[in-house]
Amino acid sequence: MTRSATTTWNDDCAFDSALAGATSGRVLDNGAASGIVAGTRIATAMGWRPVEAIAVGDMVMTFDSGLRPVVDVKRTQLWLGHGRCPDHRKPLAVPVGALGNKTPMLLLPEQNMMVESDMAEAIYGDPFAVIPASALEGYRGIDRITPHRPIDVIVLEFEEEEIVYANGSGMVHCGSINSHRLEALFDDDAGPNYETLSLEMARSIVAGLIDEDLTAHAYAAE
């Protein structure tokens with residue numbers, strides 16, 4: 001029987017490796033709303049490196065633009081408020097292989113992720129969709145966990161929005177340093193613009209992914 005991410009975390013701390021180093025990411029007064037958890041390994045020109053080891057100027061492999069330099073790095077923690085981390089801010093534990101990741105990983109709920117979906121292709125004409133990580137809860141054993149120690153979070157920013165590779169084939173959205181500039185909205189020469197689906201639509205896409213898995217398993221059983 002497949003073990004859920006929550007069970008794995010509580011029983012044998014298999015996700016400790018995801019915290020070994022411990023979007024445009026949203027950094028709030030009481031912690032991070034999105035960003036990449038320390039210990040996550042990112043594809044760079046120097047191979048796979050922990051995100052916390054990446055510095056401004058380092059070349060990172062991106063989905064659409066090849067190697068691109070990091071132009072800003074922010075560091076914070078998941079929760080800086082008083083008391084326990086509230087439920088809506090709890091990270092999601094991702095089992096091996098759930099998103100093409102070769103090792104367990106943690107995602108912040110508001111971190112945008114790219115997924116490949118037949119439903120997205122049917123609706124938008126593009127099989128790749130960017131969705132908030134919270135929509136993935138329940139997909140292939142992905143579940144929220146209660147952190148029992150501080151979780152460091154790194155926010156990488158590029159000249160333009162980019163998708164980077166995490167722990168294998170996991171695809172993580174990173175924001176543009178120029179996203180706050182009004183003129184960037186009207187720049188025809190700007191790089192790819194990754195529109196994030198609403199949570200409702202994202203959940204529909206994930207439901208479609210679950211159906212795809214069920215169909216694949218049914219065919220395999222014949």
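This briefing covers the cores, strand pairing, enclosed spaces, salt bridges and unusual backbone angles of the structure above. The model is predicted. Its largest nonpolar core has 35 residues. Strand 14 (152–158) is among the elements that give two or more residues to that core. Strand 14 also pairs with strand 8 over 6 bridges. A search of the whole structure finds 6 salt bridges.

**Nonpolar cores**

- Leu136 and Leu156 have the most contacts inside the largest core, which holds 35 residues.
- Several strands give two or more residues to this core, among them strand 9 (92–94), strand 10 (105–107), strand 11 (112–116) and strand 12 (128–132).
- Strand 14 (152–158), strand 15 (162–166), strand 16 (170–176) and helix 3 (199–221) also belong to that list.
- Helix 3 gives the most to the largest core, with 4 residues.
- A second, separate core has 10 residues, including Ala32, Val37, Leu106 and Val153.

**Strand 14 and its partners**

- Strand 14 is largely enclosed by the rest of the structure, because 6 of its 7 residues are buried.
- Strand 8 (residues 72–77) pairs with strand 14 in the antiparallel sense, over 6 bridges.
- Within strand 14, Asp152 is the bridge partner of Gln77.
- Strand 3 runs antiparallel to strand 14, and 2 bridges join them.
- Ile36 has Ile154 of strand 14 as its bridge partner.
- Strand 16 pairs with strand 14 in the parallel sense, over 2 bridges.
- Glu157 has Gly175 of strand 16 as its bridge partner.
- Glu157 also belongs to a salt-bridge network with Asp72 and Lys74.

**Largest cavity**

- The largest cavity holds about 50 Å³ of space.
- Its lining includes Gly35, Ile36, Val37 and Thr40.
- Met105, Leu106, Leu107 and Leu108 also line the largest cavity, as do Gln111, Met113, Ala166 and Val172.
- Strand 3 (36–37) and strand 10 are the elements that give two or more residues to this lining.
- Strand 10 supplies the largest share, 3 residues.
- The lining divides into 9 nonpolar residues, 3 polar and no charged.
- Val37 and Leu106 line the largest cavity, and both are included in the second core.
- Ile36 lines the largest cavity and is the bridge partner of Ile154.

**Second largest pocket**

- The second largest pocket has a volume of about 260 Å³.
- It is lined by 13 residues, and those closest to its centre are Asp126, Phe128, Ala129, Val130 and Glu195.
- Strand 12 gives the most to this lining, with 3 residues.
- Strand 12 is also among the elements that give two or more residues to the largest core.
- The pocket lining divides into 9 nonpolar residues, 1 polar and 3 charged.

**Salt bridges**

- Arg49 and Asp58 form a salt bridge, with the closest N and O atoms 3.0 Å apart.
- Both Arg49 and Asp58 are buried.
- Asp87 and Lys90 meet through their side chains in a salt bridge, at 2.9 Å from N to O.
- Asp87 counts as exposed because its relative accessibility is 55%, over the 50% cut-off.
- Lys90 has a relative accessible area of 15%, so it is buried; the cut-off is under 20%.
- Arg144 and Glu137 form a salt bridge at 3.2 Å, N to O.
- Arg144 counts as partly exposed, at 22% relative accessibility.
- Glu137 is also partly exposed, at 38% relative accessibility.
- Asp72, Lys74 and Glu157 are linked in a network of salt bridges.

**Positive phi outside glycine**

- Arg140 has a positive phi of about 50°, although it is not a glycine.
- Arg140 is found in the loop between strand 12 and strand 13 (143–144).
- Arg140 has a relative accessible area of 41%, so it counts as partly exposed.
- Asn167 has a positive phi near 50° and is likewise a residue other than glycine.
- Asn167 is found in the loop between strand 15 and strand 16.
- Asn167 counts as buried because its relative accessibility is 6%, under the 20% cut-off.

Key: Residues numbered from 1 in each chain as written. Predicted model: local features only at pLDDT ≥ 70, side-chain atom pairs only at ≥ 80, totals over all residues. Heavy atoms only, no water. Core = buried A, V, L, I, M, F, W, Y, C linked by side-chain atoms within 4.5 Å. Buried < 20%, exposed > 50% of the residue type's maximum accessible area, 1.4 Å probe, protein only. 1 Å grid on protein atoms, 1.4 Å probe; cavity = no way out; pocket = protein on both sides within 12 Å on 5 of 7 lines; lining within 4 Å. Points joined across faces, edges and corners; volume = space filled by probe spheres on them. Nonpolar A, V, L, I, M, F, W, Y, C, P; charged D, E, K, R; others polar. Salt bridge = Lys/Arg side-chain N within 4 Å of Asp/Glu carboxyl O. Pairing = 2+ DSSP bridges.
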